[in-house]
Amino acid sequence: MSPRQMVRPGGRSARVQEAVHAAVRELLAEVGREALTVPLVAQRAGVTPSTVYRRWGDLAELLSDVAVERLRPDTEPEDRGGLRADLTAWAEQFLDEMGSPSGRAYVRDALLGDLDGGNAGRCSAYAADQLALVLARARARGEDAPEVETAMDRLVAPLMYRILFRPAGLDTAYAHHLVTTLLATPARPVGTA
């Protein structure tokens, strides 16, 4: 993520960001990725192309910024009353959203326009924050719950790998298997062999 994207915009800047993001989403649906250009986005958003270039640099960075916003969860994870049920529901939803064609496209866009890794970090933080909530709720109920980084390593990382590189045959049974393995295997502190 470039430094110009780190600051949350307000006022006119926020309106420009929303208009440009909306234009990108609409045009992707209407004309597809291959026909998408900065001038086309700018025209739809009602701004000049120089505004888009100044703020985002190029089309890849713009698509990355839009993707990161689209990948942000809209709601908190559902509380199903127990850790296994909560993690299973979360993993199913994560797989459904990220494993869909549009989800995979957003993940690829988020990474391709992310020269310094900031957007990847933001996307990772979304998952970590959601899991932290699930795990904290379990601990509040008196359940033994793994650490967030353990859940990221044993649940999110394998799901993302399969989503991006080996999606064939990926289904909820795999997500269920990962949850079962996460809960059955004692956690080692992060960074130990």
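# Note on an all-helix model

1. Begin with contacts along the chain. Of the contacts with a separation of 6 or more, 71% are between residues 24 or more positions apart. Keep in mind that this is a predicted model.

2. Next, the elements. The chain has ten helices and zero strands. Read from the N terminus, the order is α-α-α-α-α-α-α-α-α-α. The C-alpha atoms fill a box of roughly 55 × 35 × 35 Å along the principal axes.

3. Now burial and surface. The chain has 193 residues, and 41% of them count as buried. Its accessible surface is about 10300 Å². Carbon and sulfur atoms hold 54% of that surface.

4. Which residues have the most contacts inside the largest nonpolar core? They are Leu87, Trp90, Phe94, Leu131, Leu155, Val156 and Leu159. This core has 33 residues. Two or more residues come from each of helix 5 (59–71), helix 6 (83–99), helix 7 (101–112), helix 8 (118–140), helix 9 (148–165) and helix 10 (172–184). A second core lies apart from it, with 17 residues. Ala23, Leu27, Val38 and Val66 are among them. As a general point, nonpolar side chains tend to be buried together in soluble globular proteins.

5. Take one core residue, leucine 131. Set aside residues up to four places away in sequence, and leucine 131 touches Leu87, Trp90, Ala151, Met152, Leu155 and Val156. Of these partners, Leu87, Trp90, Leu155 and Val156 also appear in the list of core residues with the most contacts.

6. Helix 5 deserves a check on its length. It has 13 residues, and at 1.5 Å a residue it should span 18 Å. The span counts one step less than the number of residues. The end C-alpha atoms are 18 Å apart, so the model agrees with the expected span. The buried residues of helix 5 are Glu61, Leu62, Leu63, Ser64, Asp65, Val66, Ala67, Val68 and Leu71. Note that this list includes Glu61, Ser64 and Asp65. At the N-terminal end, aspartate 58 acts as a cap. One of its side-chain oxygens lies 3.2 Å from the backbone nitrogen of alanine 60.

7. Charged pairs come next. Side chains of opposite charge can pair when their charged atoms come close. How many salt bridges are there? The count is twelve. One of them joins arginine 25 and glutamate 18, with the closest N and O atoms 3.3 Å apart. Arginine 25 is partly exposed, at 25% relative accessibility. Glutamate 18 is also partly exposed, at 44%.

8. Arginine 44 has two partners to look at. With glutamate 26, the closest N and O atoms are 3.0 Å apart. Glutamate 26 lies in helix 2 (residues 12–31) and arginine 44 in helix 3 (residues 38–45), so this pair ties together parts 18 residues apart in sequence. Arginine 44 also meets glutamate 30 in a salt bridge, at 2.7 Å from N to O. Glutamate 30 is in helix 2 too, and this pair is 14 residues apart.

9. Are these three side chains buried or exposed? Glutamate 26 is partly exposed, with a relative accessible area of 37%. Arginine 44 is partly exposed, at 36%. Glutamate 30 has 52% and counts as exposed, because the cut-off for that class is over 50%. Elsewhere, salt bridges that share partners join Asp79, Asp86, Arg137, Arg141 and Glu143 into one network.

10. Compare two threonines, starting with threonine 48. Where does threonine 48 sit? Its place is the loop between helix 3 and helix 4 (49–56). Threonine 48 is partly exposed, at 41%. Its side chain makes a polar contact with the side chain of serine 50, at 3.0 Å. Another polar contact, of 2.9 Å, joins the side chains of threonine 48 and threonine 51. Valine 38 is ten residues away along the chain, and the two C-alpha atoms are separated by 9.3 Å.

11. The other is threonine 88, which lies in helix 6. Threonine 88 has 17% relative accessibility, so it counts as buried, the cut-off being under 20%. Its side chain reaches the backbone oxygen of arginine 84 at 2.7 Å. Neighbours within four places aside, threonine 88 is in contact with His176 and Val179.

Definitions and conventions. Residues numbered from 1 in each chain as written. Predicted model: local features only at pLDDT ≥ 70, side-chain atom pairs only at ≥ 80, totals over all residues. Heavy atoms only, no water. Core = buried A, V, L, I, M, F, W, Y, C linked by side-chain atoms within 4.5 Å. Buried < 20%, exposed > 50% of the residue type's maximum accessible area, 1.4 Å probe, protein only. Helix = DSSP H or I, 4+ residues; strand = E, 2+ residues; numbered from the N terminus. Contact = heavy atoms within 4.5 Å. Salt bridge = Lys/Arg side-chain N within 4 Å of Asp/Glu carboxyl O. Polar contact = N/O pair within 3.5 Å; in protein donor to acceptor, adjacent residues only side chain to side chain. Areas by Shrake-Rupley, 256 points an atom, 1.4 Å probe, with all protein chains shown as cover.
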